[in-house]
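The following exercises are to be worked with the sequence and the model at hand. Each task is followed by a solution in steps.

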Amino acid sequence: MKPMPITEADLQGYVDGLLPEERLEEVSAYLESNPEEAERLRTYRHQNQALHLLFDPVLDEPVPTRLSARPSSNRELLRRYAAIFIVAVFAGAGGWYLHGAAQSSSVTWIASVAGSVTRVDAPLMMARRAAVAHAVYTPDPRRPVEVGADQEEALVRWLSKRIGADVRAPKLAPLGYELIGGRLLPGQSGPVAQFMYHDGAGQRLTLYVSTDQVQNKDTGFRFAQEGTVNVFYWIDGKFGYALSGSIDRGELARIANTVYEQLDKPAK
Amino acid sequence: MSDESHLLACLPRLRRYARALVGDRAGADDLVQDTMERAWQKLSSWRKGSDMRPWLFSIMHNLHIDQRRKPVIPTVALDDEDALAAPAHAPDRLVAYDLESALRLLAAEQREILLLVVLEEMTYEEVAATLGIPIGTVMSRLSRARERLRTLVEGRPQHSPLKVVK
């Protein structure tokens, strides 16, 4: 029987050692009379070896725990990330530097335990807006808020109505921060709420609440720094939260945890 | 072996493949992490007794396609020594290093097939099933990938600083 003509697929199969024995003999015979083809396939085999040389060492690297940990649910994920996060912050471990191509200032990332930096641009933009709003409104000694804490109920009702979802002002008094009041601000695609707090020394914190995060996946706590303003932010369903303050990261993280826990519970 | 340990056992191979596919360590591990998250969610949809690799690698393939469609904020991991340190000058790495630059220049569709065949040592049928494309497409892309790599490495000068070998 006349042998089948040798095809390119046969030659590829020869390179990868995937030919059945009799076909292998036919291809070998063909290559003996076609030195140029034989040379080409030799190069391909060298490519195979070189690729293994180059990437097989990855197999022996220790696998980062963020890859081998099993997430059981979004909630648990968020809590765990928060915990890891705080540890990372205190240990000063892990640094990301984010170059915003079109941005004038830079944002320093202290950890990226929650996933890909390349996917987080929308939440990060929210954090930046929150930091800017913090910097704009907190220094105002006379009128930092539109509606004061003495009318908290009216404030919450008004903000909820305007941003189209029930929002609450977390109680941070146990941590030493009292509500000053709140205001409505323009967000990326609609109104957002800003609550402002201060402690006995006049140090101010703001909580920025947006409801236009539908396109974003839930995130763990993330941290960004904009000038002197530290921001913890996270996405929970359609809500995006950003807690900003010019205080120590560890303390801000503790407050962010409290805020998260309170907002996580259904309203009374 | 339980499904879970099966999945974890695939991790080193997923990382190797992702590193070769994406290039930088942080980006590759992000892709692996996304793949694992999806895999844990969908673990019940994996048919027991079947090979887990095609299932897992197809998850990664789909995520990588999604990622390629999105604009990327360029990032540099400060603690990633690879990003800052010069590549090792071990002589046996020189050929491979040139190949690595050339690999970056391949179309992603060609690169993924080459890597599944070479690193994962999948058969062409397995690659076709993993990527959900006809086997003829696998063969033609594989052939083009190899030839392009050859011309890149041998032909015109590469932009690699390690071109000079003495």
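**Exercise 1. Compare the span of helix 9 of chain A with its expected span, and establish how its buried and exposed residues are arranged.**

Step 1. Helix 9 of chain A covers residues 249-264, 16 residues in total, and reaches 22 Å from its first C-alpha to its last, close to the 22 Å expected at 1.5 Å a residue. The expected span is 1.5 Å times one less than the number of residues. Helices (H or I, at least four residues) and strands (E, at least two) are DSSP runs, numbered from the N terminus.

Step 2. This is a predicted model, in which local features need pLDDT of at least 70 and side-chain atom pairs count only at pLDDT 80 or more, while totals for chains, interfaces and linings use all residues. Residues are numbered from 1 along each chain as its sequence is written, and chains are lettered from A and ligands numbered from 1 in the order in which they are written.

Step 3. The buried residues of this helix are A:Leu252, A:Ala253, A:Ile255, A:Ala256 and A:Val259. A residue is buried if 20 or more other C-beta atoms, placed from the backbone, lie within 10 Å of its own, exposed if 12 or fewer, and partly exposed in between.

Step 4. Viewed down the axis of helix 9 of chain A, the buried residues fall within an arc of 165°, so they line one face of the helix. The arc is that of the directions from the helix axis to the C-beta atoms. On the other side, A:Gly250, A:Glu261 and A:Asp264 are exposed.

**Exercise 2. Determine which strands pair with strand 6 of chain A, and how far strand 6 is buried.**

Step 1. Strand 6 (residues 204-210) of chain A has 7 of its 7 residues buried. One side carries A:Arg204, A:Thr206, A:Tyr208 and A:Ser210, the other A:Leu205, A:Leu207 and A:Val209, and both faces are covered.

Step 2. Strand 5 (residues 191-198) of chain A runs antiparallel to strand 6 and is joined to it by 6 bridges; two strands pair if DSSP finds at least two bridges between them. Here A:Phe195 stands opposite A:Leu207. The two strands form a hairpin with 5 residues between them, and A:Gly202 in the turn has a positive phi of about 90°.

Step 3. Strand 9 (residues 239-245) of chain A is also antiparallel to strand 6, again through 6 bridges. A:Gly245 of strand 9 is the bridge partner of A:Leu205.

**Exercise 3. Describe the hairpin of strands 7 and 8 of chain A, then find what touches A:Ala135.**

Step 1. In strand 7 (residues 222-226) of chain A, 4 of the 5 residues are buried, so this strand is largely enclosed by the rest of the structure. Strand 7 pairs with strand 8 (residues 229-236) in the antiparallel sense over 5 bridges, and A:Glu226 has A:Val229 as its bridge partner.

Step 2. The hairpin has 2 residues between the strands, and A:Gly227 takes a positive phi near 60°.

Step 3. A:Ala135 belongs to helix 7 (residues 121-137) of chain A. Leaving aside residues up to four places away in sequence, A:Ala135 touches A:Gly227 and A:Val229; contact requires C-beta atoms, placed from the backbone, within 7 Å.

Step 4. A:Ala135 is partly exposed, with 16 other C-beta atoms within 10 Å.

**Exercise 4. Locate the largest nonpolar core and relate helix 4 of chain B to it.**

Step 1. Chain B has 9 helices and 1 strand. Of its 166 residues, 36% count as buried.

Step 2. The largest nonpolar core (buried Ala, Val, Leu, Ile, Met, Phe, Trp, Tyr and Cys residues joined through C-beta atoms within 7 Å) has 42 residues. Those with the most contacts inside it include B:Tyr17, B:Ala18 and B:Leu99. Among the elements giving two or more residues to this core are helix 3 (35-55) of chain A and helix 4 (52-69) of chain B.

Step 3. Helix 4 of chain B buries B:Pro54, B:Leu56, B:Phe57, B:Ile59 and B:Met60. Their cover includes helix 2, helix 3, helix 7 and helix 8 of chain B.

Step 4. Beyond residues up to four places away in sequence, B:Ala18 touches B:Ala28, B:Leu31, B:Val32 and B:Met60.

Conventions
Two residues are in contact if their C-beta atoms, placed from the backbone, lie within 7 Å.
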